[in-house]
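Trainee: I would like to learn how to read a structural model step by step, from the overall fold down to single residues. Could we go through one together?

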Amino acid sequence: MSPSVAGPSPHLPVVETFHSLQGEGIHAGRSAFFVRLAGCGVGCSWCDTKHSWAAAPHPLRPLAELAAEAASASAAGAAFVVVTGGEPLHHELTALCAALASSGLPLHLETSGVDPLSGRFNWITLSPKSHRPPTTELLASCHELKVVVHGAGDLAFAEAMAAAAKGLRAAGNQPALLLQPGWDSQSGQALATAHVLRHPEWRLSLQSHKWLGLR
Ligand code: SF4
């Protein structure tokens with residue numbers, strides 16, 4: 001079970017902040033400032049950020065401090081802020097978004113979508129998990145649907161998620177559809193590539209930051 005969503009707070013537990021390239025998804029290759037919040041109860045077996053699952057070991061940081069870092073990153077060339085985790089929506093994000101917006105940068109969110117949406121974001125990447133499906137709210141509001149692929153069942157789940165999103169939205173308001181092979185999954189690479197070849201509404205997403213040795 002994931003922890004219940006924590007209320008607004010002037011502090012949030014933060015694993016790390018850093019300025020790098022967005023490695024994956026539609027905005028891959030762009031300069032971005034990352035805020036990785038701590039805490040995740042979704043429990044994906046293949047998670048590559050398991051150190052973010054427990055919030056307690058990570059410092060509670062003032063939102064004003066994070067906003068100042070975002071402003072510095074903006075001055076250094078960051079094009080947007082990515083709020084990620086962990087599962088960032090385990091926290092109520094209204095105050096964090098208000099603080100980060102003072103940097104003038106667009107705000108992006110990466111979420112599994114198991115919690116209610118909070119905060120104001122310019123771009124929402126929904127990465128749904130079959131063992132903890134996302135809320136209708138996130139399927140209806142995401143800009144990008146990015147499904148991690150390890151096996152054939154993940155392709156079926158990806159199509160089910162795309163159909164669910166399609167059913168909730170107008171024709172001109174559909175999310176971008178991406179299949180992302182698990183980093184070390186050769187079967188995922190083969191399956192995702194073959195699927196994208198046959199289904200042009202999907203595109204491949206690779207974790208390019210890992211190939212480049214970036215954070
Ligand atoms: S939702 Fe993200 S952070 Fe949480 S377990 Fe899954 S992959 Fe890891």
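Mentor: We will go from the whole chain to two helices, then to the ligand and to single residues, keeping in mind that this is a predicted model.

Trainee: Which secondary-structure elements does the protein chain have, and how compact is the protein chain for its 215 residues?

Mentor: The protein chain has six helices and nine strands. Its radius of gyration is 17 Å, close to the 17 Å that the globule rule gives for 215 residues, so the chain is as compact as a globular protein of that length. Along the principal axes, the C-alpha atoms fill a box of roughly 45 × 35 × 35 Å, and buried residues make up 39% of the 215 residues. Of the contacts with a separation of 6 or more, 66% are between residues 24 or more positions apart.

Trainee: How does one check the length of a helix, and what does that give for H5?

Mentor: One compares the distance between the end C-alpha atoms with the span expected at 1.5 Å a residue. For the 13 residues of H5, residues 186-198, the expected span is 18 Å and the end C-alpha atoms are 19 Å apart, which agrees. H4, with 17 residues, can be treated in the same manner, since it reaches 25 Å from its first C-alpha to its last, close to the expected 24 Å.

Trainee: Which residues of H4 are buried, and where do they lie around the axis?

Mentor: The buried residues of H4 are Asp-154, Ala-158, Met-161 and Ala-165. They cover an arc of only 65 degrees around the axis, which puts them on the same side of H4. These buried residues pack against helix H3 (136-141), E7 and E8, whereas the face turned away from the buried side carries the exposed residues Ala-152, Gly-153, Ala-156, Ala-163 and Gly-167.

Trainee: What are the buried residues of H5, and what do they pack against?

Mentor: In H5 the buried residues are Gly-188, Leu-191 and Ala-192. They cover an arc of only 95 degrees around the axis, which puts them on the same side of H5. Their packing partners are strand E7 (144-149), helix H4 (152-168), strand E8 (176-181) and strand E9 (202-204). On the face of H5 turned away from this buried side are exposed residues, including Gln-186, Ala-190 and Arg-198.

Trainee: Which residues surround the ligand, and how do the residues of the shell divide by character?

Mentor: The ligand is surrounded by Cys-40, Val-42, Gly-43, Cys-44, Cys-47, Thr-49, Ser-52, Gly-85, Gly-86, Glu-87, Ser-112 and Lys-129. The residues of this shell divide into four nonpolar, six polar and two charged. A cis peptide bond joins Gly-85 and Gly-86, with omega at about 15 degrees, and Gly-86 is found in the loop between strand E4 (80-84) and helix H2 (94-101).

Trainee: Is Ile-124 buried or exposed, and what does Ile-124 touch?

Mentor: Burial is judged by counting C-beta neighbours inside 10 Å; Ile-124 has 21 and therefore counts as buried. Ile-124 is found in strand E6, residues 123-126, and, not counting residues up to four places away in sequence, touches Leu-109, Ser-141, Cys-142 and His-143.

Trainee: Does Ala-76 count as buried or exposed?

Mentor: Ala-76 has 10 C-beta neighbours inside 10 Å and so counts as exposed; Ala-76 lies in the loop between helix H1 (63-75) and E4.

Definitions and conventions: Residues are numbered from 1 along each chain as its sequence is written. This is a predicted model: local features need pLDDT of at least 70, side-chain atom pairs count only at pLDDT 80 or more; totals for chains, interfaces and linings use all residues. A residue is near a molecule or strand if its C-beta atom, placed from the backbone, lies within 6 Å of it. Ala, Val, Leu, Ile, Met, Phe, Trp, Tyr, Cys and Pro count as nonpolar, Asp, Glu, Lys and Arg as charged, and the others, Gly among them, as polar. Helices (H or I, at least four residues) and strands (E, at least two) are DSSP runs, numbered from the N terminus. The expected span of a helix is 1.5 Å times one less than its number of residues. A residue is buried if 20 or more other C-beta atoms lie within 10 Å of its own, exposed if 12 or fewer, and partly exposed in between; C-beta atoms are placed from the backbone. The arc is that of the directions from the helix axis to the C-beta atoms. Two residues are in contact if their C-beta atoms, placed from the backbone, lie within 7 Å. The radius of gyration is taken over C-alpha atoms; the globule rule is 2.2 Å times the number of residues to the power 0.38.
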